[in-house]
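Reader: I would like to learn how to read a structure of this kind with care. Could we take its features in turn, with the general idea before each case?

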Amino acid sequence: MNSNNFVTLFQSVEFSKNYLQQSYEKKDIQAANELAFKNSYSFVYYIKLGDTYFHQAIQSPTTIKPVLFFYGLSHWLKAALLTVDPEYPANTQVLAHGVSTRKRKKQGYRFLSDEIKVQKDGFFPYLSAQLFQVKQLTGEKYKMRHLLMSIPELKPLFQKLEKEDPLHQVKQEKNKLISSNELLKKLRMSPKRYEQMVKEKTKSTLTCIENEDLVELNFADNIDKHFPLWKSIHGDLYIPSQLPMYWPMPEILTHFLLLYNLSMICRYEAEWWGEVLYSFSSNDLPYIETFLTCVEEKTTSLMQNILIT
């Protein structure tokens, strides 16, 4: 993997200090200069350690990739948190993962059917609220199937292996998204019901207009950042065509949740992990390997979009 722009830039403590100071001043945080000075080395170390984990993951076998990717991404997200919260970590509550998974995998376990649950406190809900202004509901459950479905690079796999098409391609024109009317047919919704559903699930306000073969999704100003609009590595835009995936969560958090669960399986579920890697008895392995390839190729650019805007 080539050095990423953000990794290269943030190897300079002086640049990082100025960057943090500007971030704090934009948020009207008092004593921005002193706080930036205090946090600059931690910030650089988070970036550098994250990069080291990612490089090691890319060179490692699938057996341990998820653990290394998870720690790498966690370090980068901690650096991102420092840009909005100069006191992070202010207490031990935010150091826990903030999500939990079923401790023992039942017989006939499938990764795609597994789920994780959001905890009241911890890194994930805190990160989501502070960095992305998305409040996670305590007890909210995310299925691995839906998390994987929301990643555009896995769309072809779901079409071939599961005969499902979870994402619908759209085109963007300023503050408007244009889709074929297959979107509403798949969701079995009228334009009015679609507007209501989006507002309930994502707090985004839009006007849905159906014209013969096309559907227009019009936003009052810019496209709401909480609306589930996902971009492939090639720049194609997609929105969900399945109801459970209408959540106000950026793709980088989807990567975090999937890597969390996979890393826990690597560490604590050796029997099932060995079975999925070496027995080829289910469809789980193609999804896991395709996702890990996506992490390698895409996560760094997602982080760059967050840190270098």
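Author: Let us begin with a residue and its surroundings: not counting residues up to four places away in sequence, phenylalanine 158 touches Leu112, Arg145, Leu148, Met149, Lys163, Glu164, Pro166 and Tyr287. This is a predicted model, and phenylalanine 158 is found in its helix 7.

Reader: Is phenylalanine 158 buried or exposed?

Author: The general idea is that a residue counts as buried when its relative accessible area is under 20%. Phenylalanine 158, with a relative accessible area of 0%, is therefore buried. For a distance across the chain, take its C-alpha atom and that of glutamate 14, which are separated by 46 Å although the two residues stand 144 residues apart along the chain.

Reader: How should I weigh the confidence of the prediction, and in which helices of the protein is it lowest and highest?

Author: In general, where pLDDT is low, the predicted coordinates should not be read in detail. Here the protein averages a pLDDT of 92, and 96% of the residues score at least 70. Confidence is lowest in helix 11 (residues 270-278), at a mean of 86, while helix 4 (residues 65-82) has the highest, at 97.

Reader: Turning to charged side chains, how many salt bridges does the count come to?

Author: The rule asks for a side-chain nitrogen of Lys or Arg within 4 Å of a carboxyl oxygen of Asp or Glu, and by this rule the count comes to 15 salt bridges. One of them joins the side chains of glutamate 153 and lysine 298, at 2.9 Å from N to O. This pair links distant parts of the chain, 145 residues apart, with glutamate 153 in the loop between helix 6 (144-149) and helix 7 (155-162) and lysine 298 in helix 12 (residues 284-307). Lysine 298 counts as buried, at 2% relative accessibility.

Reader: Which parts does the salt bridge between glutamate 216 and lysine 176 tie together?

Author: The side chains of glutamate 216 and lysine 176 meet at 3.7 Å, N to O. Glutamate 216 lies in strand 7 (residues 214-219) and lysine 176 in strand 5 (residues 176-180), so the pair ties together parts that are 40 residues apart in sequence.

Reader: What does a salt bridge within one helix look like, taking glutamate 182 and lysine 185 in helix 8?

Author: The closest N and O atoms of glutamate 182 and lysine 185 are 3.8 Å apart, and both residues lie in helix 8 (residues 182-187), three residues apart, which is about one turn of the helix. Glutamate 182 is partly exposed, with a relative accessible area of 36%, whereas lysine 185, at 52% relative accessibility, counts as exposed. Elsewhere, salt bridges that share partners join Arg110, Arg145, Glu162, Glu164 and Asp284 into one network.

Reader: How do I read helix packing, and at what angle do helix 5 and helix 10 pack?

Author: The idea is to compare the directions of the axes, with angles over 145 degrees counting as roughly antiparallel. Helix 5 and helix 10 (residues 251-268) pack at about 170 degrees, with their axes 12 Å apart, and are therefore roughly antiparallel to each other. Phe123, Phe124, Leu127, Ser128 and Phe132 in helix 5 meet Ile252, Leu253, Phe256 and Leu257 in helix 10.

Reader: Which side chain makes a polar contact with that of glutamine 136?

Author: The partner is the side chain of serine 128, at 3.1 Å. Glutamine 136 is found in the loop between helix 5 (123-132) and strand 3 (141-143), and at 7% relative accessibility it counts as buried.

Notes: Residues numbered from 1 in each chain as written. Predicted model: local features only at pLDDT ≥ 70, side-chain atom pairs only at ≥ 80, totals over all residues. Heavy atoms only, no water. pLDDT = per-residue confidence, 0-100. Helix = DSSP H or I, 4+ residues; strand = E, 2+ residues; numbered from the N terminus. Buried < 20%, exposed > 50% of the residue type's maximum accessible area, 1.4 Å probe, protein only. Polar contact = N/O pair within 3.5 Å; in protein donor to acceptor, adjacent residues only side chain to side chain. Axes fitted to C-alpha atoms, helices over the stretch in contact; angles between N-to-C directions. Parallel < 35°, antiparallel > 145°, perpendicular 65-115°, else oblique. Contact = heavy atoms within 4.5 Å.
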